[in-house]
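Here are a few notes to read alongside the model. Take them one at a time, with the picture open next to you.

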Amino acid sequence: MYALTGKTAVVTGAARGIGKAVANLLSAAGANVLVADILAGNAEESAAEIRRDGGQALACGVDISEESEVKRMYEVAQSQFKSVDILVHSAAMFPKYPLLDITVEQWDRIQAVNLRGTMLVMREAIRHMRAGGKGGAIVNISSVSGEREVVFHNAAYGASKAGTTNLTRVAALEFGSDQIRVNAVLPGGTATEGAREASEAMKKAGMELKGPMMHPGRVPLGAMGSPEDIAAACLFLVSPAARYITGQCLAVDGGFLVS
Ligand SMILES: NC(=O)c1ccc[n+]([C@@H]2O[C@H](COP(=O)([O-])OP(=O)(O)OC[C@H]3O[C@@H](n4cnc5c(N)ncnc54)[C@H](O)[C@@H]3O)[C@@H](O)[C@H]2O)c1
């Protein structure tokens, strides 16, 4: 039920963090994986690790906010692996800016990567999946921050993730008749390089890490999730086990959203 043998998966943000764990797990399930990331060198290393473990993987440098680069990413997947069956879209940026200080340029860059990037990555995946005529499965990595305020100084990011969650539902509705399933996974706090960098940058800028998630006891299962926790939910949602599931947003957050 969880086998992906013969399928091609494009994983964005796969050079590190959650995307890398997803790429590894989908490869272990039998998929050919396009490891896509703006960090082209790290993407190359991640793809090489998968190949060393016996999988099929290729790296692709891409800035997901650029339409031409996103189109090229799918051309690489299509030409090298002959189909696009699965997309797990994990690439995003999450710098923190107080709402009263954020500049238009900072706001626009976050929306360009996180929201326009999601639209571009999803739109081009769906074009390829429809042309292939065999349906497909998409998982967008959104966030609990798209549902409610989680930590302070996250307005631009939260707005972009609320949009990502909404785009997930819209696409699920519009492309179900093509047997293209579109779901989202909403991580809570997850121990990744990106999360560590974001909190270090906050400290450096003199910003206190505060907000609902920081309250003691607020995450029922405690501590932070791992990239592998998020990847497991992604594998389920792209696999045949989830063949009748679309338009769902699955929080993998240790219970934060219900607390
Ligand atoms: N870590 C958390 O606590 C957490 C919580 C909720 C949601 N998320 C979401 O999970 C996803 C992965 O986050 P992570 O924690 O693994 O972060 P990360 O920074 O470790 O990994 C993100 C990857 O995306 C890539 N990327 C960034 N901008 C890009 C662009 N313009 N084009 C292509 N690639 C780009 C980065 O180079 C990086 O490799 C993101 O969508 C993030 O919003 C993370």
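**Notes on the fold and one glycine**

1. Let's start at the surface: the protein exposes about 11,900 Å², and carbon and sulfur atoms supply 54% of that area. The areas come from the Shrake-Rupley method with a 1.4 Å probe.

2. A word on the source: this is a predicted model, where local features need pLDDT of at least 70, side-chain atom pairs count only at pLDDT 80 or more, and totals for chains, interfaces and linings use all residues. Residues are numbered from 1 along each chain as its sequence is written, and side-chain values use heavy atoms, leaving out hydrogens and water.

3. Now trace the chain. You should find seven helices and seven strands, in the order β-α-β-α-β-α-β-α-β-α-β-α-α-β. Here helices (H or I, at least four residues) and strands (E, at least two) are DSSP runs, numbered from the N terminus.

4. How many of the 259 residues are tucked away? The share that counts as buried is 50%, where buried means under 20% relative accessible area (1.4 Å probe, protein chains only).

5. Contacts (heavy atoms within 4.5 Å) often span the sequence. Among those between residues at least 6 apart, 75% join residues at least 24 apart.

6. Finally, please look at glycine 146, in the loop between β5 (136-141) and α5 (155-175). Glycine 146 is buried, with a relative accessible area of 18%. Leaving aside residues up to four places away in sequence, glycine 146 touches Gly158, Lys161 and Ala162. Leucine 250 is 104 residues away along the chain, and its C-alpha atom is 12 Å from that of glycine 146.
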